[in-house]
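Visitor: Could you take me on a close look at one part of this model? I'd like to hear about a single residue and what surrounds it.

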Amino acid sequence: MALAFLFAGQGAQKVGMGASLCDGSAAARALYDQANQLLGWNLRSVSSTGPDTELTQTKVCQPALFTHGLATLAALRAACLAAGAVEAHAVALARAPLTGA
């Protein structure tokens, strides 16, 4: 039996997202660190502590949700769970298959 994950898009963001994930997973923290570096701003901080007015902006919530999904997958993989397929849905990513990522 294959396991698949579908990660939510814009509108699902919430201040605090990713905080416990990063606290419990080195793989998730590493992904957020990589995102921070690529974006040039602290995505993890905005996701974890807000403010909500910043997190709900499309230019912030899109990378926040995408990174959260990838960090969740990284944490699961680190815990030896593998997906047969993964998809992320967002404004910028109508469909982004991540199998084998």
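Guide: Let's start at Leu21: once you skip the neighbours within four places in sequence, Leu21 is in contact with Ala28, His68, Ala71, Thr72 and Ala75. Bear in mind that this is a predicted model, so these are computed contacts. Leu21 belongs to the largest nonpolar core, a set of 14 residues. Within that core, the residues touching the most other members are Leu21, Tyr32, Leu43, Leu55, Ala64 and Ala71, so Ala71 turns up both here and on the contact list of Leu21. As for where the core residues come from, helix H1 (19-24), helix H2 (26-39), helix H3 (43-49) and helix H5 (58-78) each supply at least two. H5 is the top contributor, giving five residues. In general terms, nonpolar side chains tend to be buried together in soluble globular proteins.

For a contrast, hop over to Ser45, which lies in helix H3. Ser45 doesn't count as buried, because its relative accessible area is 33% and the cut-off for buried is under 20%; that makes Ser45 partly exposed. Its C-alpha atom is separated by 9.5 Å from that of Gly18, though the two residues sit 27 apart along the chain.

Now zoom out. The chain has five helices and three strands, running β-α-α-α-α-α-β-β from the N terminus on. Of its 101 residues, 36% count as buried. Take the contacts between residues at least 6 apart in sequence, and 63% of them join residues at least 24 apart. As for the outside, the chain exposes about 5700 Å², with carbon and sulfur atoms supplying 59% of it.

Definitions and conventions. Residues numbered from 1 in each chain as written. Predicted model: local features only at pLDDT ≥ 70, side-chain atom pairs only at ≥ 80, totals over all residues. Heavy atoms only, no water. Core = buried A, V, L, I, M, F, W, Y, C linked by side-chain atoms within 4.5 Å. Buried < 20%, exposed > 50% of the residue type's maximum accessible area, 1.4 Å probe, protein only. Helix = DSSP H or I, 4+ residues; strand = E, 2+ residues; numbered from the N terminus. Contact = heavy atoms within 4.5 Å. Areas by Shrake-Rupley, 256 points an atom, 1.4 Å probe, with all protein chains shown as cover.
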